[in-house]
Amino acid sequence: MKKILVTIIAICLLIVCFPNNVSADDFADDEDYYYTLCSSSTLSSSQIDTCRDFSSYLTEKSDDLQDDIDDAEDELDSLETSLTSIASQIEETETAIEEQEKQLEYLNASIVNLEEDIETKEDTIKERMYAMQSYMNSDSFLQFIFSSSSFSDMFSRISSINELTAYDNELIESLLLDKAQLDDQKDLMSETLISLEADKEAQVTLQAEYNALFDEQLALLESATASSDALSDDMKIVEDAISASFAALNTSSSTGSSSSYEPGDSELGNAIAELAISKLGCLYWWGAPGGGYGDGQGLDNPNAIYFDCSGLVAWAHRQAGVSIVRTTANGYSKMGTAVSYSNLQAGDVVTFNGGSGTVFHIGIYIGNGMVIHASGYGSTTLGNKVNECVKISSLASLDAALGVCNYRRLY
């Protein structure tokens with residue numbers, strides 16, 4: 001019974017310590033544990049597989065965060081456009097309010113002037129009517145009427161006095177009508193002004209709401225960006241740990257053993273070969289080191305852990321003290337000195353073109369008919385495939401698969 005219990009406990013511990021087929025939900029529920037586990041550079045094969053799944057989970061999480069960042073940026077652009085439009089509307093409304101206020105000021109002045117004209121005219125008529133009344137009660141008024149030369153002349157003189165009075169009344173009525181029209185315009189413009197001010201208040205309120213939304217979206221963007229940056233740092237730690245662990249496990253694995261190394265006559269060539277062998281098992285990453293992802297490592301960094309085929313050649317030569325430029329496999333196929341197969345020695349490079357006109361792969365000869373090379377599938381390989389790495393292969397197998405182009409000595 002105790003033996004069965006011990007076996008069960010051992011199996012449970014194995015599952016906990018070396019989890020397989022871990023789901024994204026498992027990672028999400030216990031990220032801290034997997035961060036700690038996958039930050040170690042001494043992972044076992046089982047742990048490497050788990051951490052590769054965890055790395056994929058982190059990649060998906062990073063993609064989701066980038067989607068959130070893109071959405072937040074799009075929303076900010078939309079809000080900024082809306083805020084610009086609202087600000088323009090507020091400016092137009094303020095201009096309209098100013099114009100209405102000027103017109104109201106002009107109307108008020110016109111109304112005051114008309115009221116003064118009416119009052120002056122009314123006073124004048126009153127004075128004239130009073131004078132006429134006094135005149136009519138005197139002999140001179142009668143003399144004016146009855147001194148007419150004929151009966152029709154008499155009526156004409158009486159009529160002229162009535163017409164004079166009617167003209168004054170019509171003028172007053174005209175002034176009053178003008179004043180009424182101005183009052184109507186004033187009321188209409190006052191209503192328009194009130195409406196414009198209400199519009200402006202609504203626009204200012206909307207502007208405040210959009211500003212609040214903008215600030216909220218900006219905070220979301222900053223948070224998502226900070227989370228993305230932190231996640232990128234964590235991803236690199238995990239990827240570096242996986243690569244280092246894989247390199248340690250594969251130093252003498254089926255990818256080729258360093259015991260295949262056979263020193264040549266050149267100390268410099270031997271140094272180049274030995275440096276390349278020191279990176280056996282490191283993962284293939286397009287453009288690394290010194291380009292693409294490799295910018296953070298650099299050709300002059302002895303701790304670089306990612307390589308593509310030409311990057312490994314450039315790195316090993318630079319580390320050995322050879323001032324070699326970073327170029328492509330095709331570029332290296334035309335550099336240095338050509339050597340024959342019979343004169344190959346450790347540190348020379350072998351290029352491959354598959355029988356076509358363009359070289360697409362390169363490796364470093366390490367003697368004993370073996371080549372060390374960073375094996376991958378081009379730009380789609382970014383440290384994401386366990387078997388695409390720095391490995392040792394026989395020159396014969398590479399020639400059969402890729403087709404040797406030429407042999408060069410770059411130092």
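**A walk from the sheet to the aromatic cluster**

Let us begin at one contact point in the sheet: glycine 367 has methionine 370 in β4 as its bridge partner. Helices and strands here are DSSP runs, numbered from the N terminus, with H or I over at least four residues for a helix and E over at least two for a strand. Please keep in mind that this is a predicted model, in which local features need pLDDT of at least 70 and side-chain atom pairs count only at pLDDT 80 or more, while totals for chains, interfaces and linings use all residues. Residues are numbered from 1 along each chain as its sequence is written, and side-chain values use heavy atoms, with hydrogens and water left out.

Strand β4 (residues 370-374) runs antiparallel to β3, and 3 bridges join them. Two strands count as paired if DSSP finds at least two bridges between them. Stepping back, we find an open sheet of 6 strands in the order β1-β6-β2-β3-β4-β5, with antiparallel pairing. Its edge strands, β1 (337-338) and β5 (390-394), each pair on one side only.

Strand β2 (residues 349-352) is a good place to look around. On one side, β2 pairs with β3 (residues 361-367) in the antiparallel sense over 4 bridges, and threonine 351 stands opposite isoleucine 362 there. Strand β6 (residues 404-409) also pairs with β2 in the antiparallel sense, over 4 bridges, with phenylalanine 352 opposite valine 404. Val349 and Thr351 point one way from β2, Val350 and Phe352 point the other way, and all are buried. Buried means under 20% relative accessible area, exposed means over 50%, and partly exposed lies in between (1.4 Å probe, protein chains only).

Helices meet this sheet too. Helix α7 (residues 267-277) lies across β3, β4 and β5 and runs at about 110° to β3. Helix α10 (residues 395-402) packs on the sheet, touching β2, β3, β4, β5 and β6, and its direction makes about 90° with that of β5. For these values, axes are lines fitted to C-alpha atoms, for helices over the stretch in contact, and angles run from 0 to 180 degrees between N-to-C directions; contact means heavy atoms within 4.5 Å.

Our starting residue has a distant partner in sequence: glycine 264 and glycine 367 are 103 residues apart along the chain, yet 7.2 Å apart in space, C-alpha to C-alpha. Glycine 264 sits in the loop between α6 (151-249) and α7. With a relative accessible area of 23%, glycine 264 is partly exposed. Not counting residues up to four places away in sequence, glycine 264 touches Asn270, Gln345 and Ala346.

Now for the helices. Glutamine 100 lies in helix α4 (residues 45-136) and counts as buried, at 12% relative accessibility. Beyond residues up to four places away in sequence, glutamine 100 touches Met189, Thr192, Leu193 and Leu196.

Helix α4 also takes part in aromatic pairing. The structure holds 10 aromatic pairs, where rings of Phe, Tyr and Trp (its six-membered ring) pair if their centres lie within 6.5 Å; planes under 30 degrees apart count as stacked, over 60 as edge-to-face and the rest as tilted. Phenylalanine 27 and phenylalanine 54 form a tilted pair, 5.2 Å centre to centre with 50° between the planes. Phenylalanine 27 lies in helix α2 (residues 24-29) and phenylalanine 54 in helix α4, so the pair ties together parts 27 residues apart in sequence. Both phenylalanine 27 and phenylalanine 54 are buried.
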